[in-house]
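Me: I'd like a close look at a single part of this model, the place where the two chains meet. Could you walk me through that spot and then follow the chain inward from there?

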Amino acid sequence: MRRDADLGFAAAFAPPLLDPAREVPTAVAGRNGKPAGRRYDVYRNNVTVSLIETLAAIYPAVQRITGPDFFRAMARFHVRSSPPASPLLFDYGRDFPDFVANYAHAHDMPWLADVARIERAWLDAYHAADALPLAPALLSTIALERLGGLVLTPHPATRIVRSPYAAVTIFAANRDGTPTARIDASTPEDALITRPEFDVVVRHLPPGGAVFAASLTSGQPLGAAAIAAFDASPEFDIAENIAGLIEAGAFTSLAAGDA
Amino acid sequence: MITAIKPATVPLRFSLPIGGVAGTSFKPEHLPAILEAGPQAGFFEVHAENYMGAGGPPHRALETIRRDHPLSLHGVSMSIGGPQPLDKTHLARFRSLVARYQPTLVSEHLAWSTHETSFFNDLLPLPYTEATLACVCDHIDQVQEAIRRPLLLENPSTYLTFRESAMSETDFIRGIVARTGCGLLLDINNVFVSATNHGFPALDYLADFPLAHVGEIHLAGHAEQTDDDGNLLLIDSHDGPVADAVWKLFEIIIARRGPVPTLIEWDSSIPAWPILRAEAAAAQAILDRCKLAAATEDRHAA
């Protein structure tokens, strides 16, 4: 118990780091025992700025769209209310897209949260485990009557992000820093994010493609996934979609189900 | 998706000591320039946490670097100086990296960064008392047990002091070395920053520092601010070249300690590779002069 009392320094030092309304801890001092003042603020600044920069590094397209001042103000709110719970910073900001969706000053950019979701998925794909993608030729070895029961194992990097806005086009236009032409934001777009080897690739999914891909990556057999995709979009093209997914490296292996 | 990493068996196979060579932080944007230059003397240091993902380009880059160069694995968020128990999952990840990449140097900080569930992403200070000393030693024991080799512990740069501190930082560090058998990473820029911020001579601190246990030296750039009273307040920013005063201290320490692996640390506003490489070459020149002086002395003695 004595030990706990002697080790209370972190409990006194930590809370004001992300809360500017709190007083500088009295347990710490500057020169000659003076209050720590701006010296403590160095730590406040290090913590807040480094975490804002972490979010800026994860969400560069969002920052390019909003401009740095808007982004940093928005990120500062998020950092203060939701600091990281892990020392792995590439895992930080998982709830940032939802925060952006509810951020009052971003309401006139309703697609911004979906662009953030694509950027979060991009980083998850980047750090995902390495695996060889399924060779496209393998599919042709499956007997036709067994195709409906075919189950595919998703590649660890594969992600799907759906949006009622043109989030994929907006993401692509703002990610690499090239000047953007005018974009009609009202076109719904779904994204497929894969990393077949070392480069993350973000693609548009065709109509019904997101339902199809999500069904397959959740372990549904090909037949059931195709039915769900047709239900979602009558334009769904099974041949185009399965070939596209395999070519993108969305899967690692397949297992032929029952006929 | 980050999945739990299975602890790998740590082979009892250590890289040979690399001696008085200069290295640099490894930054992925420098990889093409480094590869073009071909294998070179020196070593690279990485922040362990950046390589704790499951796969992808970071591991490919590190494998490429590791193939031709000694590696220094530098942890920045073990929170060894904090009062709460070490994060066992994080320790297991650290251990797995040591096992996978067989670094020649492994280091962490005398600082803390996690409290309860929040990670603050900064090297936060601690009071120097018998209670914190016991806690830090307990944490270092756990790390060294996990990685099965000595850890190099880095002295901090600080901007303030704790009123409850009952011993000097150098006494605290001597206590840690005596109890845990760990080695030390002497960050000379940190010494200079703390000395300026608290108003003591850097050379006094270095005279008290257990130099015989130093297995690596860090050199880095700092930034200047002022405190509430207008006193100069140096910030350990790692965003520029090494200051002249820090180079001078480095020469003095190398003459006293003999050559040890020395790292140029540059973590933000990262320059083009030739500029970072030139900083390392400047450190190497000082290390080589010391080796030459020692060889000359040997000849005279013979």
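Reply: Start with the strands that cross between chains: β1(A) and strand β8 (residues 161–162) of chain B run antiparallel and are joined by 2 bridges. Strands here are DSSP runs of E with at least two residues, helices are runs of H or I with at least four, and both are numbered from the N terminus; two strands pair if DSSP finds at least two bridges between them. A:V28 has B:F162 as its bridge partner in β8(B).

Keep in mind that this is a predicted model, where local features need pLDDT of at least 70, side-chain atom pairs count only at pLDDT 80 or more, and totals for chains, interfaces and linings use all residues. Residues are numbered from 1 along each chain as its sequence is written, while chains are lettered from A and ligands numbered from 1 in the order in which they are written.

Now widen the view to the whole contact, which takes 42 residues from chain A and 44 residues from chain B (contact means C-beta atoms, placed from the backbone, within 7 Å). On the chain A side, at least two residues each come from α1 (2–6), α2 (9–13), β1 (28–29), α3 (38–58) and α7 (112–127). The largest share, 9 residues, belongs to α3(A). By class, that side of chain A has 27 nonpolar, 6 polar and 9 charged residues. Nonpolar covers Ala, Val, Leu, Ile, Met, Phe, Trp, Tyr, Cys and Pro; charged is Asp, Glu, Lys and Arg; the others, Gly among them, are polar.

From α7(A) you can follow the chain inward. This helix lies across β3, β4 and β5 of chain A, at about 175° to β3(A) (axes are lines fitted to C-alpha atoms, for helices over the stretch in contact, and angles run from 0 to 180 degrees between N-to-C directions).

Those strands form an open sheet of 3 strands, ordered β3-β4-β5, with antiparallel pairing. β3 (159–163) and β5 (201–204) of chain A are at the edges with a single partner strand each, so one side of each has no neighbour in the sheet. On average, neighbouring strands in the sheet are turned by 20° against each other, direction ignored. Strand β4 (residues 189–194) of chain A is joined to β5(A) by 4 bridges, and A:I193 stands opposite A:V202 in β5(A).

For a last stop, try A:A191: leaving aside neighbours within four places in sequence, its contacts are A:I118, A:I160, A:V161, A:A167, A:V168, A:V202, A:H204 and A:L205.

Technical notes:
Two residues are in contact if their C-beta atoms, placed from the backbone, lie within 7 Å.
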